[in-house]
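Subject: Structure handover and notes

Dear colleague,

Please find the structure below. My notes on the ligand surroundings, a pocket and a helix residue follow it.

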Amino acid sequence: MVRVIGLISGTSVDGIDAAFVEIEGSSTNLQVKLIAAQTYPYPPKLRSQILRLCGGESISMAELAQLDDAIAVEFAQAALAIQEGLEPATLIGSHGQTVYHRPPKQHQVKLGYSLQLGRGAVIAQLTNMTTISNFRVADLAVGGQGAPLVSRVDVYLLSHPTYSRCVQNIGGIGNVTYLPRNGLNSSQAIIGWDTGPGNSLLDLAVQFFSNGTKTYDQDGVWASQGTACLSLVEQWLKQDFFQQSPPKSTGRELFGQAYLEQCLIDAQSYNLSPADVLATLTELTTASIEHSYRQFLSEMPDQVLLCGGGSHNLDLKQSLQRRLNPIPVITTSEVGLDADFKEAIAFAVLAYWRLQGEVGNLPEVTGAEAAVLLGEIHTTKGAAVIG
Ligand SMILES: Nc1ncnc2c1ncn2[C@@H]1O[C@H](COP(=O)(O)OP(=O)(O)OP(=O)(O)O)[C@@H](O)[C@H]1O
Ligand SMILES: CC(=O)N[C@H]1[C@@H]2OC[C@@H](O2)[C@@H](O)[C@@H]1O[C@H](C)C(=O)O
C-alpha cells in the first residue's frame, strides 16, 4: 500500500484540491481509499494574477518565473497541510495550474501545447517528497490532446459490469468518459472528450452582473429565477467546437471572457435579464453535454455520474436531468467516489502508475498515437524513488 497525495487546481482557479489516498494493486485490481481531502484557496492576489495570465495578458519572463514559484509554494503547503496529524505520504502527484492550453488539430498544428505552472522540482524540495508533475506533455508529444487524462482512472474506478456510464465532470470546463458495460472487457470502445464550458461562462457572468461581489451562483439559485432563451442556445451550439468530433479538448482560451462578451452581445437582441442570461448559459452547458452524447456515442449510457463543482448546482443538474430523461443523473459520490476530489484522486493514481511503470493516457480518448508513461519524476535529497 502506498500513501499518495494528489494535487490540482483546475480551470476555475478557485484553489488547490488536495486528496490524501492509500493506493493498492495496479490497474485491474486498483484500490483507492480516500483518507483526507481539502481545498486550499489561493491568496486573492495570486488568483487574480493567474486569471489575468489565463485571460491572455502579457507578462515578462521574470513575472512568469515568480508566478511559477509562487504556485509551487502554494501546492507544497497544501501537501504539507493535508497530511497534518496523519502518517505521512511518500509520493505526490501534482497537476499544477493550467495557464495555457492549445490542443493539436483545431489550431492547424500537429503537436498541441499545454502549460501547467507550479514546478514539481520545487514541490519535491519543499515537501521532501518524491513528486510527479507535468503529466500532459508526454501525451501531447505523441500527438494527443493532453486531456482528458482522468479517463483511464475512471475506467478502473467506475466501470460497472451491467451499466454503461458517462462520467461527466463539470468544472470550469466539462469533460466526459464513456464507460461501456463491463469497462475494458467490453467490445465497445471507451471514449471521452471535453464537452465545452462547465461553469466558466456562468462564473464570469455572475461576476459581471454582481459587479464582482459574487464569484459563482450558489446552487444555481439566481439562474433558476430566469428563463433560458433556447434560440440563443441553438445558435451558440453551431459553433465549431461543439460540432467537432472527438478527440477534442478545450480551455479558458476559448470559453473565457471574450466568449462571454460575445454571448452578452448576442443576448442584447432578446432583451434578457441577468437571470435569463444565467439560465441561458446554464442551458448551453447542459445542451452541449446532451448534444455531444447524442452525436458521438453509439448508444446513450444507462447512467450519468456527475463530478466537479457543477454537480452542486441544482439548477444545472435539473436541466441536465430534464434533457437526459429517463437516464438517471447522479453523482460519483453516490457510487463511492468523492465528486469534489475525483480529479485530485486521479492525479494521485496517475503518479502511482508512473512509478509502477504503467501508462496513464488512453489513446482512444486523447487521440495520442500510443499509450505512454505520464509525468516527470522529481526526487529529493532525502526521498527515495519508491515502487
Ligand atoms: N454549491 C454550488 N452551487 C453552484 N455552483 C457551484 C457550487 N459549488 C461549486 N460550484 C461551481 O463549481 C466551480 C468549481 O468547480 P471545480 O472545482 O470542479 O472546477 P475546476 O476543477 O477548477 O475546473 P476543471 O475541472 O475544468 O479543471 C465553481 O467555480 C462554481 O461555479
Ligand atoms: C489543460 C487542462 O488543464 N484541461 C483540464 C480542464 O478541466 C477539465 C477539462 O479541461 C479537462 O479535460 C482537463 O482536466 C482534467 C483533469 C483531465 O485532464 O482529465
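A residue is taken to be near a molecule or strand if one of its heavy atoms lies within 4 Å of it. On that basis 20 residues surround ligand 1, and the closest are T11, G172, D203, D219 and G309.

This is a predicted model, in which local features need pLDDT of at least 70 and side-chain atom pairs count only at pLDDT 80 or more, while totals for chains, interfaces and linings use all residues. Residues are numbered from 1 along each chain as its sequence is written, chains are lettered from A and ligands numbered from 1 in the order in which they are written, and side-chain values use heavy atoms, with hydrogens and water left out.

Ligand 1

Polar contacts are pairs of N or O atoms within 3.5 Å; within protein, one must be able to donate a hydrogen and the other to accept it, and residues adjacent in sequence count only if both atoms are side-chain atoms. A polar side-chain atom of D203 is 2.5 Å from an oxygen atom of ligand 1. For G172 the partner is a backbone N or O atom, 2.9 Å from a ligand 1 oxygen atom. The side chain of D14 has an N or O atom 3.4 Å from an oxygen atom of ligand 1.

Ligand 2

There are 18 residues around ligand 2, with T98, R136, L149, N175 and D194 coming nearest. Side-chain N or O atoms reach oxygen atoms of ligand 2 at 2.6 Å from T98 and at 2.7 Å from R136. V150 uses a polar backbone atom, 2.9 Å from a ligand 2 oxygen atom.

Second largest pocket

Pockets were sought on a 1 Å grid over the protein atoms alone: a pocket is an open set of points where a 1.4 Å probe fits, with protein on both sides within 12 Å along at least five of seven lines, and lining residues have an atom within 4 Å of a point. The second largest pocket has a volume of about 200 Å³ (the space filled by probe spheres set on the points, which are joined across faces, edges and corners). Its lining has 15 residues, of which D68, Q116, L117, R119 and N134 are closest to the centre. Strand β5 (strands are DSSP E runs of at least two residues, helices H or I runs of at least four, numbered from the N terminus) gives the largest share of that lining, 3 residues.

T285

T285 sits in helix α11, residues 274-296. Why does T285 count as buried? Its relative accessibility is 2%, and buried means under 20% relative accessible area (1.4 Å probe, protein chains only). Leaving aside residues up to four places away in sequence, T285 touches I170, P197, G198 and L316 (contact means heavy atoms within 4.5 Å).

Regards

How values were computed:
Buried < 20%, exposed > 50% of the residue type's maximum accessible area, 1.4 Å probe, protein only.
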